Amino acid sequence: MGAPTPVVPALERSFGRMNAGFRVRDGRTVLASLLQDGCLKARFPQQHSANFKTGTLINTTGGIADGDILNVDVQVGEGCDVVLTSQAAERVYKAHNMLVPAQLETRLHVASGATLYWLPQETILFSGGAIERHYSLDLATTGRCLIAEMLVLGRVARGEVVETASLFDHWRVRVGGRLLFADGFRLTGPVAGVASTARLGEAKTVATLLFVAPDAADYTAHLRDRLASVGCHAACSERSGVLIIRLAGASPLKVRDAVMAAIAVLDGDRGMAQPVLSRWIF
C-alpha cells in the first residue's frame with residue numbers, strides 16, 4: 001500500500017463581533033451596552049469636558065485575511081453624539097483563496113436628534129487581497145451621520161504595486177425608513193498598469209465620504225470651495241439630504257489631507273471630529 005495522503009489543516013480564520021449602544025444620561029452621551037466577541041474590541045476613554053462620546057475600535061488580529069468575518073453594530077440613541085474611529089490603519093493581506101473574500105458588515109443606527117461620526121483610519125489593500133464590505137445606515141429624519149472611508153492600494157512609500165485584488169463595497173442609506181442612497185464599488189482582477197480594469201489611472205488612494213443630515217445641502221458650496229485647493233481629484237454632490245464626496249490621488253498623504261479638510265468643514269463648530277483629526281496628523 002502507498003503512503004497515506006497527508007492531511008493539510010485548514011487555515012485558521014478570524015471572527016469578530018462588536019455591538020455598542022449609547023444613550024443620554026444627565027445631559028451627556030454614555031455607553032449603554034457593549035458586546036465584544038472574538039477579535040473585535042472597543043475602548044471608550046473617559047471624557048470630562050465633552051458632551052459627546054468617543055470610541056476606538058480594535059482588531060486584535062492585526063489585519064484581515066480571506067475568510068475572516070467581522071460584524072459591527074452601533075446603536076446611537078435619541079439625542080446622543082458619538083464619534084468612532086479605529087486604533088490604526090487596517091490591512092487586507094494576500095488571500096490564500098480569492099474566491100472566499102473576507103466579509104465585513106457595518107450596521108449603523110442613528111435615532112432622532114442624534115449624531116454619529118464614523119471615522120476609521122485608512123484600509124491598506126495588499127496585492128492579492130480579497131474583501132467584501134457592506135455598510136448599512138438607518139437614520140431618523142432628524143439624525144445626522146458622517147462616514148469617511150479611505151482605501152490605499154499597497155504600501156505606497158515602499159513602492160508596492162497592487163497587481164491584482166478583489167474588493168467590493170456595498171452601501172445602503174435609509175432615512176426615516178426610506179432608501180435614499182445605494183451604491184457599489186467593485187475592484188477585481190488587474191489593478192495596476194495598462195491592463196487595469198479599475199481605470200484609476202495613477203491613483204493609489206481613493207476615499208468616500210457620506211454626510212447625511214437635514215441641512216446637508218447647506219454645506220455643498222463651502223465644501224466645493226475647500227476641495228478646489230486640495231492636491232488630489234475631488235468631487236461632491238448632494239441629493240435628498242445625502243452629500244457624497246469622492247476623492248482620488250497618487251499620494252495617500254494628500255488624499256488624507258483632503259479627507260481631513262472635508263471632515264473639518266462638515267463638523268463646523270461642533271468640535272466633535274477634533275480628537276480624531278489630531279490623531280491622524282503624522
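## Pockets, a cavity and two cores

Sorted by class, the residues lining the second largest pocket come out as 9 nonpolar, 1 polar and 5 charged. The elements that put two or more residues into that lining are strand 12 and helix 2, and helix 2 gives the most, with 3 residues. There are 15 lining residues, and nearest the centre of this pocket you'll find E122, I124, R155, V156 and P252. Its volume is about 290 Å³. Keep in mind as we go that this is a predicted model.

Now for the largest pocket, which holds about 530 Å³ of space. Its lining runs to 31 residues, with L57, N59, S86, E90 and P120 closest to the centre. A whole list of strands gives two or more residues each to this lining: strand 4, strand 5 (69-76), strand 6 (81-86), strand 7 (90-92), strand 8 (102-110) and strand 11 (130-139). The largest share, 4 residues, comes from strand 11. By class, the walls of this largest pocket have 15 nonpolar, 10 polar and 6 charged residues.

What about enclosed space? The structure has 1 cavity of 30 Å³ or more, and the volume of the largest cavity is about 40 Å³. Around it sit P120, Q121, E122, A148, E149, M150, R256, V259 and W280. Strand 12 (144-153) and helix 2 (252-267) are the elements that give two or more residues to this lining, with strand 12 providing the largest share, 3 residues. The cavity lining splits into 5 nonpolar, 1 polar and 3 charged residues. Some names come back here: P120 lines the cavity and is also among the residues closest to the centre of the largest pocket, while E122 lines the cavity and is one of those nearest the centre of the second largest pocket.

On to the packing. The largest nonpolar core has 48 residues, and those touching the most other members are F22, V74, L84 and L137. Strand 13 (residues 164-175) gives the most to this core, with 5 residues. Apart from it lies another core, this one of 39 residues, including L119, A213, C236 and I245. For a closer look at the largest core, take V74. Setting aside residues up to four places away in sequence, V74 touches M18, A20, F22, L84, R107, L108, H109 and W118. Two of those partners, F22 and L84, are named with V74 among the core members that touch the most others.

Strand 3 (residues 40-43) is a nice one to click through. Which of its side chains are buried, and which are not? L40 and A42 point to one face and are buried, whereas K41 and R43 point to the other and are not. Strand 3 pairs with strand 4 (residues 53-59) in the antiparallel sense, over 4 bridges. Within that pairing, A42 stands opposite L57 in strand 4, and L57 is one of the residues closest to the centre of the largest pocket.

Last stop is R224, in helix 1 (residues 220-227). Why does R224 count as partly exposed? Its relative accessibility is 46%, and partly exposed covers the range between 20% and 50%. Leaving out its neighbours within four places in sequence, R224 is in contact with C236 and S237. C236 is among the residues of the 39-residue core. R224 and A234 are 10 residues apart along the chain, and their C-alpha atoms are separated by 8.5 Å.

Notes:
Residues are numbered from 1 along each chain as its sequence is written. This is a predicted model: local features need pLDDT of at least 70, side-chain atom pairs count only at pLDDT 80 or more; totals for chains, interfaces and linings use all residues. Side-chain values use heavy atoms; hydrogens and water are left out. A nonpolar core is a set of buried Ala, Val, Leu, Ile, Met, Phe, Trp, Tyr and Cys residues joined through side-chain atoms within 4.5 Å. Buried means under 20% relative accessible area, exposed over 50%, partly exposed in between (1.4 Å probe, protein chains only). Contact means heavy atoms within 4.5 Å. Two strands pair if DSSP finds at least two bridges between them. On a 1 Å grid over the protein atoms alone, a cavity is a set of points where a 1.4 Å probe fits but cannot get out, and a pocket is an open set with protein on both sides within 12 Å along at least five of seven lines; lining residues have an atom within 4 Å of a point. Grid points are joined across faces, edges and corners, and a volume is the space filled by probe spheres set on the points. Ala, Val, Leu, Ile, Met, Phe, Trp, Tyr, Cys and Pro count as nonpolar, Asp, Glu, Lys and Arg as charged, and the others, Gly among them, as polar.
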